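Open the model in your viewer, keep the sequence panel beside it, and follow the stops below one at a time.

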Amino acid sequence: YLCKSEDGILGLKPSNFTYEESAPIFFGASSALHFIKKGNVSEGKKVLIYGASGALGTYAVQLAKYFGASVTGVCSTRNLELIKSLGADNVIDYTKEDYIVDDTYDVIFDTVGKRSFSGCVKSLKKDGIYLRAVHLTILSILRGLWTNITTSKKVIGGVAGEHKEDIAFLKKLCEEGRLKSVIDRTYPLEQIVEAHRYVEKGHKTGNVVITIRK
């Protein structure tokens, strides 16, 4: 049982989803939606998602496509077909090629923070937006502020907030077949240590879910 405030952020699970498929929506899909909205992703925009095969990335690809963007996903070789199946127009294997191309993208969404700040900013169009859903250091914050002040490009980071209307919107997309959860592995609560060890290796695809049995 979980105690929540009566005006807390709650929602029914999608009727066509299992509990395991529903669990990641609150974090992964909700966070991805937060940044996709911050980036004003819309019809005709060119969007690059770095870390497209992760918990945020798999949802971000689907949401960006829903809003009408042309999506390029960056991932490893083994996940190329998965990202294509989620709707990406183009995929880049970061083990074989670089995505940095001058003045190319309207939005770059970095979900993992493993690419250079300057490279991402360089790849943006004149009024492009660089989204950083990663741990922010003092240096990255200062570089973001400097970019915002001295150029027409924008750097947006921070912590994603949750909203009731977003949860309801995501539920609707799931039930319409427009959004799905990618589950790598599930672990029972008794094996949560092993689950963390697996995630910390940095090679999971989509989400790892903990199941709780009565």
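Select Asn16 and show what surrounds this residue: leaving aside neighbours within four places in sequence, Asn16 is in contact with Glu21, Cys174 and Glu175. Bear in mind as you look that this is a predicted model. Asn16 sits in the segment before helix 1 (19–22), and at 43% relative accessibility this residue counts as partly exposed, because buried would require under 20% and exposed over 50%. Now add Cys174 to the selection: although Asn16 and Cys174 are 158 residues apart along the chain, their C-alpha atoms are separated by 7.7 Å, and the side chain of Asn16 reaches the backbone oxygen of Cys174 at 3.0 Å.

Next, select residues 55–66, which form helix 3 and number 12. From the first C-alpha to the last, helix 3 reaches 18 Å, close to the 16 Å expected at 1.5 Å a residue. Is helix 3 largely enclosed or largely open? Since 10 of its 12 residues are buried, helix 3 is largely enclosed by the rest of the structure; among the buried residues you can colour Leu56, Tyr59, Val61 and Leu63. Then step just past the end of helix 3 to Gly68, which takes a positive phi of about 95°.

For the last stop, select Thr211, which lies in strand 8 (residues 207–211). Thr211 counts as buried because its relative accessibility is 8%, and, not counting residues up to four places away in sequence, Thr211 touches Glu20, Thr186, Tyr187, Pro188 and Leu189.

Terms used. Residues are numbered from 1 along each chain as its sequence is written. This is a predicted model: local features need pLDDT of at least 70, side-chain atom pairs count only at pLDDT 80 or more; totals for chains, interfaces and linings use all residues. Side-chain values use heavy atoms; hydrogens and water are left out. Helices (H or I, at least four residues) and strands (E, at least two) are DSSP runs, numbered from the N terminus. Buried means under 20% relative accessible area, exposed over 50%, partly exposed in between (1.4 Å probe, protein chains only). Contact means heavy atoms within 4.5 Å. The expected span of a helix is 1.5 Å times one less than its number of residues. A polar contact is a pair of N or O atoms within 3.5 Å; within protein, one must be able to donate a hydrogen and the other to accept it, and residues adjacent in sequence count only if both atoms are side-chain atoms.
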